[in-house]
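Please read the following report alongside the sequence and the coordinates. It moves from the chain as a whole to its enclosed space and then to details of the backbone.

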Amino acid sequence: MAKRKFQSMDGNTAAAHVSYAFTEVAGIYPITPSSPMADMVDIWSAQGRKNIFGTTVKVCEMQSEGGAAGAVHGSLAAGAMTSTYTASQGLLLMIPNMYKIAAEMLPTVFHVSARTVATQALSIFGDHSDVMACRQTGFAMLAETNVQEVMDLSAVAHLAAIKGRVPFLNFFDGFRTSHEVQKIAVWDYDELAKLTDFKAVDAFRAHALNPERPAMRGSHENPDIFFQHREACNTLYEELPAIVEEYMHKVNKKIGTNYELFNYYGHKQADRVVVAMGSFCDVLEEVIDYLNAHGQKVGLVKVRLYRPFVAEKFVAALPKTVKKLAVLDRTKEPGAGGEPLYLDVMTALAEQGRLAGLTVVGGRYGLGSKDTPPSSAFAIFDELKKAKPAREFTVGIVDDVTHLSLPEKENTPNVADPSTIECKFWGLGGDGTVGANKNSIKIIGDHTNKYVQAYFQYDSKKTGGVTV
């Protein structure tokens, strides 16, 4: 197995570290909470850091995310490996170009620190409403749970995009993962180069717009052929999950992980199972460990590859004993029959003939970075114990209007490892609490053999607001 050095960093730095390796041009425009990714790439470029192609990244800052997406599209069309970093309204401005990039089979990765899309109010904080708006673009979508997974799986996104000729939207939770510091094992660029299909890179470059190799792009099509051409991409998406799986297995072999398209965690004979993606999975795992240790049988299916959604692999990840399933979405689609992941799960179960004898419910959590502590996870598993659990519910809030929220107990057990040292620091925005604690946790992580994790909570007022 590859020996990797350990370093304390946040999710944005982990994504930027991997992205820099595979990037020749970065088309950027900053937006919270994705800005540090582009910032790090810009700093490393100025310092002369080399990518796996032996060059420094050319960073091109535009005047909006729409401009950044256009620059990315143009750079890819010219044969340069190109990336960008964005979230929320910024990602929405990129959608028109995303349709074109996907249909033209251009292998880029958009790294997204998933953030709330402004609705009744703007929020700079995290949920999945932005990435869920991109489901129809043709981008593959890969989700990560924590900072270590961002480091490990961002590489899979780049490698699979290159070989599969399908662009990737690689996402993790805004603030909860993007700004959380963990001590993680870091990729060496030589190891990433060994995993790269350079023949596919050469084929991409040979496909570039070039007067020596004339080709037509961006034509206009009439009804006689448009539909047929739109269907012609089917084989790419049919072949892509196997390519993602192949690179996950190569990564597993190299670093000793067990990444799959869908990972199951919990009791082998679980009767109650939760389906989720993103940072809530880590909370669920600790609660699952506690419940299983106290005689219950519960589990979790973690969604990694969200698009293309492989029904067969999802159903294979479920224990055969499951009777009740709660699908958790970190977004809200008013008026829909269910949230996106819930609908995908229902379709997969129906397609694979697994709906008989199964109760499936859907819940919403964590909108606008609303905290989802262990008490929320306990509440979900308690709800699933009922003969008729609520078909639609929310956790983490008290809904006194439509009464969809599950009751949460105040004094739930502490599910952390007993040897864990936990500290909470309070301060006022601007007094140095966050900066000092970031330095402290990195010093502890980088200069002792301890594992560290630190999360910084502050509101959008920042200076003068409460920080924790």
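What follows is a description of a predicted model, covering overall form, internal cavity and backbone geometry.

**Overall form**

The protein chain is built from 15 helices and 18 strands. Its radius of gyration is 22 Å, close to the 23 Å that the globule rule gives for 468 residues, so the chain is as compact as a globular protein of that length. Measured out along the principal axes, the C-alpha trace spans about 70 × 55 × 50 Å. Of the 468 residues, 54% are buried, and among contacts with a separation of 6 or more, 80% are between residues 24 or more positions apart. The accessible surface amounts to about 20,900 Å², with carbon and sulfur atoms contributing 54% of that area.

**The internal cavity**

Rolling a probe the size of a water molecule over the atoms shows where empty space is left. How many cavities of 30 Å³ or more does the structure hold? There is 1, and the volume of the largest cavity is about 50 Å³. The residues that line the largest cavity are F22, T23, M81, T82, S83, P107, T108, V109, H158, A161 and I162. Two elements, β4 (82-86) and α6 (147-164), each supply at least two residues of this lining, and α6 gives the most, with 3 residues. In chemical class the lining comprises 6 nonpolar and 5 polar residues, while charged residues are absent from it.

**Backbone details**

Two peptide bonds that precede a proline are cis: the one from T32 to P33, with omega near 0°, and the one joining R307 and P308, where omega is about -5°. P33 lies in the loop between β2 (25-28) and α2 (35-46), whereas P308 is placed in the loop between β12 (305-307) and α12 (311-317).

Positive phi angles at residues other than glycine are found at M105 and at R165, and the table sets out their values.

| Residue | Phi | Relative accessibility |
|---|---|---|
| M105 | M105: about 60° | M105: 26% |
| R165 | R165: about 60° | R165: 43% |

M105 is located in the loop between α4 (88-103) and β5 (109-114), and R165 lies in the loop between α6 and β7 (168-173). Since partly exposed covers the range between 20% and 50% relative accessible area, M105 at 26% counts as partly exposed, and R165 at 43% is likewise partly exposed. The element α6, which R165 follows in the loop towards β7, is also the one that gives the most residues to the cavity lining.

Methods:
Residues numbered from 1 in each chain as written. Predicted model: local features only at pLDDT ≥ 70, side-chain atom pairs only at ≥ 80, totals over all residues. Heavy atoms only, no water. 1 Å grid on protein atoms, 1.4 Å probe; cavity = no way out; pocket = protein on both sides within 12 Å on 5 of 7 lines; lining within 4 Å. Points joined across faces, edges and corners; volume = space filled by probe spheres on them. Helix = DSSP H or I, 4+ residues; strand = E, 2+ residues; numbered from the N terminus. Nonpolar A, V, L, I, M, F, W, Y, C, P; charged D, E, K, R; others polar. Rg over C-alpha atoms; globule rule 2.2 N^0.38 Å. Buried < 20%, exposed > 50% of the residue type's maximum accessible area, 1.4 Å probe, protein only. Contact = heavy atoms within 4.5 Å. Areas by Shrake-Rupley, 256 points an atom, 1.4 Å probe, with all protein chains shown as cover.
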